[in-house]
Amino acid sequence: MTEPYVRDFQAFASNGAAGAPPWLREIREGAIARFTALGFPTMKQEAWRFTSVAPIAETHFTLPGSRRPQLALRDVAALSALGAGPRLVFVDGRYEPGLSSLAGLPEGVQATSLAEATRSGPRGELARRHLARYAPWQDSAFAALNTAFLADGAFVHVAADTVLAQPLEVLFLATSGTAVTGAGGPTVSHPRSLFIVERGARATLMESYASIADGLQWTNAVTETVVGEGARVELYRVQREGRNAYHIATTQSRQERDSYLGLHVLTLGGSLARHDITTVLDGTGAELILNGLYVLGGSQHADHHTVIDHARPHCASHEFFNGVLAERAHGVFNGRIIVRPGAQRTDSKQTNNNLLLSTEARADSQPQLEIYADDVKCTHGSTVGPLDQTALYYLRSRGLSPETAQSLVTYGFAAEILGRMQRPDVRERLDRLVRAGLA
Amino acid sequence: MTGKGKRERENVLLEIRDLHATVEGREILKGVDLVVHTGEVHAIMGPNGSGKSTLAQVLAGHPGYTVTAGSALYEGKDLLAMTPEVRAREGVFLAFQYPVAIRGITNAYFLRFAVNAIRKHRGEEELGPVEFMDALEEKLKVIGWDDSYLNRPVNDGFSGGEKKRNEILQLAVLEPKLAILDETDSGLDIDALKTVAQTVEKLRRPHNATVIVTHYYRILTHIQPDVVHVLSAGRIVKSGGKELAVELEEKGYDWIREVA
Ligand SMILES: Nc1ncnc2c1ncn2[C@@H]1O[C@H](COP(=O)(O)OP(=O)(O)OP(=O)(O)O)[C@@H](O)[C@H]1O
Ligand SMILES: [Mg+2]
């Protein structure tokens with residue numbers, strides 16, 4: 001099942017991608033070797049107990065051809081999570097300068113394609129120092145496959161003490177081979193992002209994923225984020241791909257001393273979604289808010305595996321994931337918290353609440369604490385259950401109809417997560433997407 | 001019928017006759033009779049587990065209780081045939097003994113739904129967010145709260161006393177015709193107790209009525225009840241003026257139980 005990808009890789013490496021610098025080519029070679037060695041995960045592996053990627057493994061997804069769909073700026077605005085403002089737009093992982101708009105970015109902020117950023121020069125040096133240094137491509141077949149096909153993607157660099165006040169969006173649009181060309185099989189894209197926010201800088205970033213066509217498609221994304229000393233980052237991520245999309249994602253962040261990262265994850269789309277999030281608190285006094293919501297219906301399946309790695313003392317992490325599951329949807333949450341030896345005074349809190357709106361909906365929730373330090377405060381809790389009848393009755397006793405009461409209690413699950421998003425403008429946009437998802 | 005008798009009939013807001021109710025197959029209310037006229041304040045006292053909350057919840061329409069016999073007329077209409085939301089829109093309000101948390105939904109957001117549901121029912125125009133907030137600010141002052149409580153999820157993480165105050169805020173905002181307060185005075189500090197009393201007094205209008213379920217004489221010194229009832233083992237076993245509350249405070253319930 002891995003062989004077709006190895007053949008595709010050989011073609012990819014000898015054709016268009018051959019112009020990449022040697023260091024990148026070397027990483028790719030290593031990555032395809034790791035992919036071959038690891039193979040697609042199976043449900044026999046603990047981390048994949050609840051999620052079968054057989055539909056992906058059993059299909060050969062090819063790289064999209066050179067034909068591109070014709071997109072108007074108006075279409076892009078409708079697919080963007082923010083609707084307006086500066087953005088980098090990618091179609092099947094490839095940068096589309098004509099659809100992007102970078103007006104108004106302050107000095108000290110570089111936003112460009114990875115193809116551009118990995119060329120030689122000082123920028124190339126920056127990319128080389130960070131790219132593929134954090135994402136676990138040695139251990140994850142999907143991250144390895146993405147890295148093997150790494151040619152383009154988003155590159156955002158915010159220089160030290162720079163303030164990026166307006167949210168910057170990185171928008172990845174996925175096409176489907178058949179829908180675009182009218183022929184050929186399903187396609188895969190490997191979106192890649194590298195966000196570097198240097199010491200003392202502030203930034204709000206949005207990473208969003210949407211589909212252009214509703215055909216069978218696979219997105220295999222990897223994002224690496226570095227938050228420098230004392231920097232403050234709000235990173236939003238919205239996945240609202242089509243109902244025939246497979247979405248696999250690896251998000252890796254590294255925080256330095258006294259930094260703050262608010263990572264907000266919203267999963268609405270895809271028929272099969274798996275998101276591995278690993279955040280490393282790698283400097284004293286760092287603070288993380290990991291705030292996620294999945295709203296699923298039909299026969300959607302979404303699996304979030306999060307790892308919060310407290311590598312240094314005096315760090316705080318607060319993780320909240322809520323799930324709203326209707327019809328036959330299946331939500332999986334696995335939250336691992338690691339407190340390394342010496343990471344004293346760690347303050348870590350994790351909760352995962354799941355609301356089942358039908359008897360056929362299902363949620364699996366697994367917390368995992370691995371604590372190797374003694375002076376720490378760690379709490380976790382998870383719930384899975386139907387609508388609270390007492391809450392519904394309470395609302396009805398105040399005059400609300402049963403339907404309004406139900407939609408309010410349901411929306412409350414989402415609102416808890418939305419309420420933690422610090423940017424009111426972004427929150428409002430996402431609130432609209434969530435309401436549409438709940439309707 | 002004499003003139004006085006006729007007037008009294010017209011002034012009946014709530015008329016409960018021989019009400020029996022069960023929960024999980026167990027009979028809790030065993031024939032309750034109670035008539036509340038407009039303009040009156042009634043107090044219901046009685047031992048733990050005697051059925052006071054059951055009565056209150058049956059009147060509000062809790063789906064967990066089954067009425068097996070008897071009737072309850074509200075403004076001459078069959079209250080028991082109405083859904084909980086219709087009862088609320090018709091002007092019945094129950095301040096819960098144990099208020100329920102609604103996670104993720106702020107007090108302000110929730111209250112606007114409640115107010116507009118009732119306004120719509122009355123054929124009044126619904127309030128927009130701005131008008132509503134203006135109206136709400138006033139009520140907040142009445143109960144001595146600042147805005148911060150409006151932006152917190154309904155009763156979520158509220159202290160016991162805060163939950164009770166939140167019920168009073170809802171009472172003040174919704175201005176019901178029939179308010180039933182189930183131990184709203186329990187767990188309140190002295191100032192909050194006065195606020196409850198003041199809010200009830202403010203609502204005391206010729207066309208309204210209040211039923212206060214309480215264990216404490218204290219609230220009744222602030223709110224002068226017209227009638228005091230004792231509910232014991234699912235029936236009202238004694239009714240009297242406010243002096244009955246004084247007597248209960250001194251003697252407890254045993255002497256009445258024996259009578260019953
Ligand atoms: N869901 C239930 N299942 C079983 N028994 C119940 C249930 N709800 C109430 N009861 C019982 O009904 C009886 C009356 O309860 P109720 O709450 O009405 O008492 P109360 O007079 O309000 O008491 P208190 O003064 O303690 O508030 C109690 O014995 C109680 O245990
Ligand atoms: Mg009670």
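User: Where in chain A is A:L387 found?
Analyst: Bear in mind that this is a predicted model, where local features need pLDDT of at least 70, side-chain atom pairs count only at pLDDT 80 or more, and totals for chains, interfaces and linings use all residues. Residues are numbered from 1 along each chain as its sequence is written, chains are lettered from A and ligands numbered from 1 in the order they are written, and side-chain values use heavy atoms, without hydrogens and water. Helices (H or I, at least four residues) and strands (E, at least two) are DSSP runs numbered from the N terminus. With that settled, A:L387 is found in the loop between β20 (377–386) and α9 (389–396) of chain A.

User: Is A:L387 buried or exposed?
Analyst: Buried means under 20% relative accessible area, exposed over 50%, and partly exposed in between (1.4 Å probe, protein chains only). A:L387 has 12% relative accessibility, so it counts as buried.

User: Which residues is A:L387 in contact with, leaving aside its neighbours within four places in sequence?
Analyst: Contact means heavy atoms within 4.5 Å. Leaving those neighbours aside, the partners of A:L387 are A:L355, A:L356, A:L357, A:L392, A:Q406, A:V409 and A:T410.

User: Over to chain B: what are the protein donors of the magnesium ion (ligand 2)?
Analyst: Donors are N, O and S atoms within 2.8 Å of the metal (3.2 Å for Na, K and Ca), and since water is not among the atoms, sites may look incomplete. Here the donors lie 2.0 to 2.1 Å from the ion, and they are B:S53 (OG) and B:Q97 (OE1).

User: How many residues apart in sequence are the parts that this pair ties together?
Analyst: B:S53 lies in helix α2 of chain B, while B:Q97 is in the loop between β6 (92–95) and α4 (107–121) of chain B. B:S53 is partly exposed at 22%, whereas B:Q97 is buried at 16%. So the pair ties together parts separated in sequence by 44 residues.

User: How far is an oxygen atom of ligand 1 from an N or O atom in the side chain of B:H215?
Analyst: A polar side-chain atom of B:N48 lies 2.9 Å from an oxygen atom of ligand 1, and for the side chain of B:R26 the value is 3.1 Å. For B:H215, the distance is 2.8 Å.

User: Which element gives the most to the shell around ligand 1?
Analyst: β2 (26–37) and α2 (52–60) of chain B each supply at least two residues of that shell. With three residues, the one giving the most is α2(B).

Definitions and conventions
Polar contact = N/O pair within 3.5 Å; in protein donor to acceptor, adjacent residues only side chain to side chain.
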